[in-house]
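User: Hi! Could you walk me through this structure before I set anything up?
Analyst: Happy to, go ahead and ask.

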Amino acid sequence: MFRRIAQTPNDPTLTILRLVLGLVISAHATQKVFGWFGGPGFMGTVEIFVGIGIPPALAVAAIIIEAVSCVCIIIGFMSRLSAIGIIIIMIGAIVTYVGPNGFFMNWFGQMDPGLEGYEYHLLAIAMGIAVVVRGGGALSVDRIFSEKYIF
C-alpha cells in the first residue's frame with residue numbers, strides 16, 4: 001500500500017512543482033503557526049477561524065494539516081497525501097472565506113485589508129492535483145522509497 005502511494009517517476013518537473021507548492025504554502029503556514037511574516041500566530045488564527053464560524057477543533061486541525069503538509073511536500077515524503085491535505089485546505093478557504101470576494105486577489109487594494117479572491121487557491125489546488133496524480137518526482141523521499149522498495 002505504501003509503495004503505491006510513494007511510487008513516483010524520476011521527473012525533475014514534478015520536483016519543481018512540489019517544491020514551489022510547499023514553499024509557498026509554508027510561508028502561509030508559518031504565519032498561522034508562528035506569527036511570522038505579519039501573521040496572527042496560532043491562537044490568533046484560531047480566533048479568526050472561529051470568528052468566521054469554523055469550530056475551534058476544525059480550526060486547529062486545519063492549521064496542523066497545513067503546517068505538516070507543506071513540510072512533507074517540501075521533502076517529498078508522502079507527497080500525494082500531503083497534496084490532498086493542501087487541496088482540502090484550499091477548498092475550505094474558498095468555501096468559507098475568499099469565495100465571496102471573487103476571482104482576483106487584491107492586487108490594487110480595492111478590497112478591504114485582508115480580503116482577496118481565490119485565484120491563488122485555484123493555482124495551489126491545480127498544483128496539488130498534479131502531485132496527487134503523478135507523485136513527488138525526483139529528489140523526493142518518495143522516490144527513494146519507490147526505488148528501494150522499502151515497503
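User: Is Val-20 buried, partly exposed or exposed?
Analyst: With a relative accessibility of 40%, Val-20 counts as partly exposed. Keep in mind that this is a predicted model.

User: Where along the fold is Val-20?
Analyst: Val-20 is in helix α2, which covers residues 12–34.

User: And which residues form a nonpolar patch with Val-20?
Analyst: Ile-16 and Val-24 form the patch on the surface together with Val-20. The accessible area of the three together is about 240 Å².

User: Switching to pockets. How much space lies in the largest pocket?
Analyst: About 840 Å³ of space lies in the largest pocket.

User: Which residues are closest to the centre of the largest pocket?
Analyst: Those are Lys-32, Phe-49, Ala-93, Tyr-97 and His-121, out of 29 lining residues.

User: Which elements give two or more residues to the lining?
Analyst: There are five names to note: α2, α3 (41–51), α4 (56–75), α5 (79–98) and α6 (119–134).

User: Which one gives the largest share?
Analyst: That's α5, with eight residues in the lining of the largest pocket.

User: Lys-32 has a charged side chain in my setup, so I care about its partner. What does the side chain of Lys-32 meet in a salt bridge?
Analyst: The partner is Glu-66, at 3.4 Å from N to O. Lys-32 is in helix α2 and Glu-66 is in helix α4, so this salt bridge ties together parts 34 residues apart in sequence.

User: Are Lys-32 and Glu-66 buried or exposed?
Analyst: Both Lys-32 and Glu-66 are buried. Lys-32 also belongs to the residues closest to the centre of the largest pocket.

User: How many salt bridges does the structure hold?
Analyst: Two. Besides Lys-32 with Glu-66, the side chains of Arg-134 and Asp-11 meet at 4.0 Å, N to O.

User: Where do Arg-134 and Asp-11 sit?
Analyst: Arg-134 is in helix α6, while Asp-11 is in the loop between α1 (2–6) and α2. They are 123 residues apart, so this pair links distant parts of the chain. Arg-134 is partly exposed, at 41% relative accessibility.

User: Now the cysteines. How many disulfides does the structure hold?
Analyst: Zero. For Cys-70, the nearest cysteine sulfur is that of Cys-72, 8.5 Å away. Cys-72 is likewise in no disulfide, with the sulfur of Cys-70 as its nearest.

User: Why does that distance rule out a disulfide for Cys-70?
Analyst: The sulfurs of Cys-70 and Cys-72 are 8.5 Å apart, and a disulfide needs the two sulfur atoms within 2.5 Å.

User: Are Cys-70 and Cys-72 buried or exposed?
Analyst: Cys-70 is buried at 3% relative accessibility. Cys-72 is buried too, with a relative accessible area of 16%.

User: On to the backbone. What is the phi of Met-78?
Analyst: Met-78 has a positive phi of about 55 degrees, and Met-78 is not a glycine.

User: Why point that out?
Analyst: Because most residues other than glycine have a negative phi.

User: Fair enough. Where is Met-78, and is Met-78 buried or exposed?
Analyst: Met-78 lies in the loop between α4 and α5. Met-78 is buried, with a relative accessible area of 16%.

User: And what about the phi of Leu-139?
Analyst: Phi of Leu-139 is positive as well, near 55 degrees. Leu-139 is in the loop between α6 and α7 (141–148), and at 76% relative accessibility Leu-139 counts as exposed.

User: Last topic: some distances for restraint checks. How far apart in space are Phe-145 and Val-33?
Analyst: They are 30 Å apart, C-alpha to C-alpha, with their positions 112 residues apart in sequence. Phe-145 is found in helix α7 and is buried, with a relative accessible area of 17%.

User: What separates the C-alpha atoms of Pro-40 and Asp-142?
Analyst: A separation of 33 Å, and the two are 102 residues apart along the chain. Pro-40 is in the loop between α2 and α3, and Pro-40 is partly exposed, with a relative accessible area of 45%.

User: And the C-alpha atoms of Gly-85 and Arg-3?
Analyst: Those are separated by 19 Å, for residues 82 apart along the chain. Gly-85 is found in helix α5 and counts as buried, at 9% relative accessibility.

User: Great, thanks!

Definitions and conventions. Residues are numbered from 1 along each chain as its sequence is written. This is a predicted model: local features need pLDDT of at least 70, side-chain atom pairs count only at pLDDT 80 or more; totals for chains, interfaces and linings use all residues. Side-chain values use heavy atoms; hydrogens and water are left out. Buried means under 20% relative accessible area, exposed over 50%, partly exposed in between (1.4 Å probe, protein chains only). Patches are made of residues with over 30% relative accessible area and no salt bridge: like charges are joined within 9 Å, nonpolar side chains (Val, Leu, Ile, Met, Phe, Trp, Tyr) within 5 Å. Accessible areas come from the Shrake-Rupley method with a 1.4 Å probe; for residues, only the protein chains shown count as cover. Helices (H or I, at least four residues) and strands (E, at least two) are DSSP runs, numbered from the N terminus. On a 1 Å grid over the protein atoms alone, a cavity is a set of points where a 1.4 Å probe fits but cannot get out, and a pocket is an open set with protein on both sides within 12 Å along at least five of seven lines; lining residues have an atom within 4 Å of a point. Grid points are joined across faces, edges and corners, and a volume is the space filled by probe spheres set on the points.
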